[in-house]
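Thanks for sending this one over. Here are my notes, in numbered points, to read alongside the coordinates.

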Amino acid sequence: MFLGCHLSAAEGFRGLARDALSIGANVFQFFTRNPRGGAARPLDPADVSAFLQTARDHAFGPVLAHAPYTLNACSAKPEVRRFARDVFADDLVRMDSIPGNLYNFHPGSHVGQGVETGVAQIAEVLDETLRPDQSTTVLLETMSGKGSEVGGRFSEIRAVIVRVALGSRLGVCLDTCHVWDAGYDIVSDLDGVLREFDRTIGLDRLRAVHLNDSKNPLGSRKDRHARIGEGCIGLEALVRVVNHPLLRDLPFYLETPQDDLSGWAAEIALLRSRRSPDPRPARSAVADAAGKDAAGKQDA
Ligand code: FE
Ligand code: FE
Ligand code: ZN
């Protein structure tokens, strides 16, 4: 299972990999720059290559970079939208140094302009920043819908994706706290929520999960994360999320309020201990059943 948490990038990629390994994580999320959107530190090629080696040695899953959450691609102020565009473009160039990874952002808040305008402005920023040659998949995060946030409904995420010319570079990150707060009942009807996601956006777009409990009840539109098992979603529902056949191969990133690494280490150990065996037949059994040479056909 690809499972990790949000980590501090203060000590570069080497620090991220070291901290991940120390808590039993094989994926992690980090901020590309300080959350308020200041200048990013120049990349250190030695740091990047040391990280890439560690990631290979330890079979890390996809690394998830998170855009500063203060950016707003659908602000009513053109200079604020331009700033979001400039940061996205710069972050995507930097992401090319760790190819094949994921870049997550909050779609934005339309601040009274209306969802339609918000969707159009977000798509415009993406049209200005996505490049056909990039290997990074850009993820829109599902939001709680607090205030004038765009992305609290799956249909709003879909509306952005279909408007973007390079939509093939886009995916979605599902945040369990946010969808719960937005009113999607992943506790008593996870299958129904996933069916709705599939009908509206398409499950092939789902590339990552933010695994959080919520301090508030279903539909509260609050966005206050809780530790795993200490909120209104609860441990058993989150265990069903990590074991669901449609979700279990995705990378899971905790964004729970912990004071130090030991808190995430405990959550990771707990969730790994509750991982169920893969219900699907092993790859070699499938190949045997098809009468093929299993050794020769394996692609992983
Ligand atoms: Fe986020
Ligand atoms: Fe999140
Ligand atoms: Zn949140």
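1. Let me start with the iron ion (ligand 2), bearing in mind that this is a predicted model. Its coordinating groups are Glu141 (OE), Asp175 (OD), His210 (ND1) and Glu255 (OE), at 2.0 to 2.2 Å. Along the sequence, these donor residues follow the spacing E-x33-D-x34-H-x44-E.

2. Which geometry label fits the site of the iron ion (ligand 2)? The site is irregular, with angles of 84 to 171 degrees among the 4 donor atoms. Four donors count as tetrahedral only if all angles lie between 85 and 135 degrees, so that label is out.

3. Glu141 also serves a second metal: this residue bridges the iron ion (ligand 2) and the iron ion (ligand 1), and the two ions lie 3.3 Å apart. Glu141 sits in strand E6 (residues 137-141) and His210 in strand E9 (residues 206-211), so the pair links distant parts of the chain, 69 residues apart. Both Glu141 and His210 are buried.

4. On packing, the largest nonpolar core has 74 residues, and Phe28, Phe51, Tyr103, Leu126, Leu211 and Leu254 have the most contacts inside it. Apart from that core lies another, of 7 residues, including Val27, Leu64, Leu139 and Cys173. Leu126 touches Phe105, Val138, Val160, Val164 and Leu170, leaving aside residues up to four places away in sequence.

5. Two backbone spots may be worth a look. Most residues other than glycine have a negative phi. Ala59, in the loop between helix H2 (45-57) and strand E3 (64-66), has a positive phi near 50 degrees. Val111, in the loop between strand E5 (108-109) and helix H4 (115-129), has a positive phi near 45 degrees.

How values were computed:
Residues are numbered from 1 along each chain as its sequence is written. Chains are lettered from A and ligands numbered from 1 in the order in which they are written. This is a predicted model: local features need pLDDT of at least 70, side-chain atom pairs count only at pLDDT 80 or more; totals for chains, interfaces and linings use all residues. Side-chain values use heavy atoms; hydrogens and water are left out. Helices (H or I, at least four residues) and strands (E, at least two) are DSSP runs, numbered from the N terminus. A nonpolar core is a set of buried Ala, Val, Leu, Ile, Met, Phe, Trp, Tyr and Cys residues joined through side-chain atoms within 4.5 Å. Buried means under 20% relative accessible area, exposed over 50%, partly exposed in between (1.4 Å probe, protein chains only). Contact means heavy atoms within 4.5 Å. Donors are N, O and S atoms within 2.8 Å of the metal (3.2 Å for Na, K and Ca); water is not among the atoms, so sites may look incomplete. Four donors count as tetrahedral if all angles lie between 85 and 135 degrees; four count as square planar and six as octahedral if opposite donors are over 155 degrees apart and all others between 65 and 115; anything else is irregular.
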